[in-house]
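Please find below some notes on the two-chain model, written to be read with the coordinates open. They begin with a single loop residue and then move outward to helices, domains and whole chains.

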Amino acid sequence: MSTGNPAAVEKLSRREYVLAQRELRRKKMFALALVVPLLLFLFFAFVAPIGTMLYRGVYNPVVAELIPDTLQALEQWEGQTLPDDAVLNRLALDLKRLAQTRKSGKLAEEINRHWPGASSVIKSTARRMKRQTDEALLNGGADMIRVANKKWQRVEIWRAIKKAGQVYTDGYYLTALDLERNADGDIQQRESAQIYIKLYQKTLWMALVITFSCLLLGYPLAYYLANAPSKTANLMMILVLLPFWTSLLVRTTAWIALLQTNGVVNSTLMALKIINQPIEMLYTEFSTIIAMTHILLPFMVLPLFSVMKGIDPSLMRAAQSMGAKPISAFISVYLPNTLPGLSAGALLVFIISVGYYITPALVGGTDGQMISNIIAFHMQQSNNWGLAATLGSLLLVLILALYWIYDHFIGASNIKLG
Amino acid sequence: MTLKHLSTAAALSVLFASQTFAAEMTVVSFGGAYGAAQKKHMLDPYTAETGTKLLFEDYSGGIAEIKAQVEAGNIQWDVVDIEVIDLERACSEGLLEVIDPATFPKGADGAAPLDDFIPSAVANECGVGNIVWTIIYAYNEETVGDNKPLSINDFFDTAKIPGKRAMRKRPQVNLEWALIADGVARDQVYEVLSTDEGQAQAFAKLDTIKGDIVWFDSWSQVPQLLNDGGATLGQSANGRIFSAIKEDNKPFQMVWDAHIYDLDVWSIVKGSKNKDLAMDFIKFATGTKPLSGMPDVAYGPTRKSSMALVDPAVVPDLPTSHLDEGLKADGIFWADYGESLGEKFNEWLLK
């Protein structure tokens with residue numbers, strides 16, 4: 001009967017076969033038309049932004065568009081001595097044009113990234129060049145530039161200009177890995193500040209701790225829920241879900257009220273004479289971990305619950321009746337059966353916590369910061385979107401790599417969300 | 001035919017829409033007590049006088065949102081209250097319209113606008129000063145103990161004044177204070193801070209109190225930290241402490257030594273559809289009378305003529321009365337070193 005059966009197909013005449021195929025195609029097209037909105041949505045909300053993010057990390061045309069002539073003149077320059085006057089004249093002209101179109105700040109910001117302090121040099125020089133005629137700049141611009149600021153005599157600022165002028169750059173990726181290129185173009189450890197690797201490590205470590213605490217709290221809870229009478233289980237389920245329906249900000253702020261120096265926890269402990277001095281809990285790694293464990297707990301409980309619900313209770317009884325002690329019955333029978341829910345929950349919690357922003361920002365203080373907070377810093381304060389994009393891309397790669405490892409050793413087909 | 005109808009309808013609706021919204025504009029500032037004072041003395045009187053509806057929104061400073069709007073060509077904000085520390089950058093990146101303060105109204109005493117405004121209020125071509133505010137540190141009289149802090153040195157002296165210090169989690173102000181407390185003269189702070197040795201010196205000084213610092217991200221956290229004992233000393237915008245003292249009767253005291261003052265200006269986002277209206281609003285808002293309302297929250301007015309209208313009882317609490325004890329925040333320095341010191345600061349935090 002079915003079209004998949006070759007014997008049945010053979011019985012169809014050629015014409016019937018073509019008709020059937022056409023009908024099948026029509027149905028497929030219809031199905032596709034139904035998912036077109038979803039595909040479009042996915043493209044615009046997911047694929048395109050991530051694509052731009054990945055691209056922004058290597059593509060930086062700003063400087064090349066702002067001072068094309070200067071960069072062309074700098075092409076032959078070796079980078080060991082100061083460039084000759086022809087280059088300086090071109091730069092003088094470029095700066096004048098930028099000052100007139102009020103774009104000198106853009107250039108200044110980009111160059112400043114490679115050599116802190118260059119920003120004011122470029123902006124003040126551009127303001128001076130604005131008053132000169134093109135003629136004068138073309139002939140004597142070099143002298144005017146040197147007079148405008150003595151930092152133009154430093155070879156570093158020229159190296160910074162040349163470096164910033166590269167349209168396609170690995171600079172952001174190097175920075176994100178705490179590396180940089182020295183004057184000879186070799187890769188070396190970054191001299192100014194080394195934070196990103198440390199932050200990635202810390203983020204992964206904290207995500208692990210949070211996942212583990214969610215597991216520790218969530219597993220027994222899910223077990224209890226799955227085996228309790230349905231009336232109690234429903235009530236408990238609502239209690240699990242209730243925080244899920246409250247605003248994230250409210251839940252985080254509630255932790256602030258609980259953990260602060262004279263907050264609920266400290267006052268209670270002091271009243272019970274357990275401690276004499278309030279303990280510093282807020283604005284630490286501890287507070288980030290505890291608040292995030294609370295917030296992410298439902299993501300662990302729900303998949304575990306639905307998997308445990310499906311396990312036949314007679315399995316444990318059978319194991320015990322065959323002589324297994326409760327613990328070994330649990331380890332060799334129950335635990336493997338819950339593995340799909342367990343890995344789904346752990347993966348969910350881990351991946352969500354790696355990219356978490358709000359909670360560490362509010363309760364994290366100094367040592368509870370994660371990589372997302374530094375990405376926000378570069379988005380909002382330093383306006384270094386290229387570096388922010390790179391840090392985000394690396395985070396994405398990191399998670400994909402972890403997922404691949406997981407898939408390789410445990411198998412992603414095991415995951416069961418419900 | 002249908003297409004034509006449709007496009008006519010679309011054109012008409014655009015026309016109607018722009019007509020309905022012609023007298024409407026978005027003004028963005030920092031909210032809190034400060035925003036309330038601006039609403040009372042600047043926005044509401046302007047609406048009453050001209051009938052222009054103003055949408056008043058809050059933001060937390062920085063230029064990221066303005067940059068995003070200008071780069072996307074989708075301008076949502078018209079008038080923005082910007083800290084001078086960000087103004088320099090926003091202006092030279094072409095994110096703001098040029099404003100000529102010479103065309104502004106005269107002061108109430110007849111002084112020409114350029115004479116009436118304090119010089120730093122009209123120093124940048126992209127904005128006109130609105131308030132002088134400052135960052136001081138404050139303490140809670142009830143928790144500080146017998147030794148009262150008097151100077152910035154005491155802020156770094158944990159032996160004399162034990163307890164937690166609340167500081168905003170960023171390099172700005174903290175590094176300046178560290179250098180001043182370490183003996184650098186106030187007028188040389190930024191020069192020293194632009195050298196590697198100077199930066200190392202500042203971080204080394206911060207190291208001496210690192211274990212006693214409580215970091216915060218928003219000014220609103222400080223009065224609360226001082227109040228509930230989370231911190232003994234707290235860095236704060238002076239207006240927040242002032243309103244905690246006056247409105248909530250908190251036992252707080254301000255220490256003015258080495259306070260770091262700055263201006264807020266009104267500016268117009270580049271490409272604003274309501275540019276003329278925005279200019280008109282700024283002219284109104286920086287008039288003698290509206291500015292004289294800013295001392296409600298202990299921020300100094302930027303016109304000299306406004307001082308005549310200010311309640312004399314408030315004057316000692318205004319930053320403008322303490323300029324000789326303070327240091328002007330250097331916007332140009334922070335445009336140069338904001339990002340590199342931001343990274344170093346984060347590195348130092350992680351150590």
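**Notes on the predicted model**

1. Asp157(B) is found in the loop between α6 (152-155) and β5 of chain B, and it should be kept in mind throughout that this is a predicted model. Is Asp157(B) buried or exposed? The answer lies in between: because 16 other C-beta atoms are found within 10 Å, Asp157(B) counts as partly exposed, given that burial begins at 20 such atoms and exposure is assigned at 12 or fewer. Asp157(B) also has a sequence-distant partner to check, since Ala181(B) stands 24 residues away along the chain while the two C-alpha atoms are 9.3 Å apart in space.

2. Helix α10 of chain B covers residues 221-228, and its buried residues are Gln221(B), Val222(B), Pro223(B), Leu225(B) and Leu226(B). The cover over these buried residues includes the strands β4 (128-140), β5 (165-168), β6 (213-216), β7 (233-237) and β8 (252-268) of chain B, together with the helix α11 (238-246) of chain B. Immediately after α10(B) comes Gly229(B), whose phi is positive, near 85°.

3. In chain A, the helix α13 (residues 248-259) offers a simple check of geometry: its 12 residues, at 1.5 Å a residue, should span 16 Å, and the end C-alpha atoms are 17 Å apart, so the two values agree. The expected value is obtained by multiplying 1.5 Å by one less than the number of residues.

4. Which residues of α13(A) are buried? They are Thr252(A), Trp255(A) and Leu259(A), and because they cover an arc of only 50° around the axis, they lie on the same side of α13(A). The general background is that an α-helix has 3.6 residues a turn, so residues three or four places apart point the same way. On the other side of α13(A), the exposed residues are Leu249(A), Val250(A) and Ala257(A), whereas the buried residues of α13(A) pack against α14 (264-271), α15 (285-309) and α18 (358-363) of chain A.

5. Turning to the domains of chain B, the assignment gives domain 1 (24-131 + 263-324) and domain 2 (133-261 + 327-350), with 26 Å between their C-alpha centres. The contact between these domains involves 16 residues of domain 1 of chain B and 15 residues of domain 2 of chain B. On the domain 1 side, the elements that give two or more residues are α2 (32-50) and α4 (84-92) of chain B, and the largest share, five residues, comes from α4(B). By class, that side of domain 1 of chain B divides into 10 nonpolar, two polar and four charged residues.

6. The contact between the two chains takes 34 residues from chain A and 29 residues from chain B. On the side of chain A that touches chain B, the elements that give two or more residues are α6 (104-114), α7 (118-130) and α19 (371-380) of chain A, and α6(A) gives the most, with seven residues. This side of chain A has nine nonpolar, 18 polar and seven charged residues.

7. As a whole, chain B has 14 helices and 10 strands, and its C-alpha trace spans about 85 × 45 × 40 Å along the principal axes. A compact globule of 351 residues would have a radius of gyration near 20 Å, and the 22 Å of chain B agrees with that estimate. Buried residues make up 50% of the 351 residues in chain B, and among its contacts between residues at least 6 apart in sequence, 74% join residues at least 24 apart.

8. What radius of gyration does chain A have, set against that of a compact globule? For 418 residues the globule would be near 22 Å, but chain A has 31 Å. The C-alpha atoms of chain A fill a box of roughly 95 × 90 × 35 Å along the principal axes, and buried residues make up 33% of its 418 residues. Chain A has 20 helices and two strands, and its domain assignment gives domain 1 (6-56), domain 2 (62-169) and domain 3 (196-414). The C-alpha centres of domain 1 of chain A and domain 3 of chain A are separated by 38 Å. Among contacts in chain A between residues at least 6 apart in sequence, 69% join residues at least 24 apart.

Technical notes
Residues numbered from 1 in each chain as written. Chains lettered and ligands numbered in written order. Predicted model: local features only at pLDDT ≥ 70, side-chain atom pairs only at ≥ 80, totals over all residues. Contact = placed C-beta atoms within 7 Å. Helix = DSSP H or I, 4+ residues; strand = E, 2+ residues; numbered from the N terminus. Nonpolar A, V, L, I, M, F, W, Y, C, P; charged D, E, K, R; others polar. Domains from an automatic or database assignment. Arc of directions from axis to C-beta. Rg over C-alpha atoms; globule rule 2.2 N^0.38 Å.
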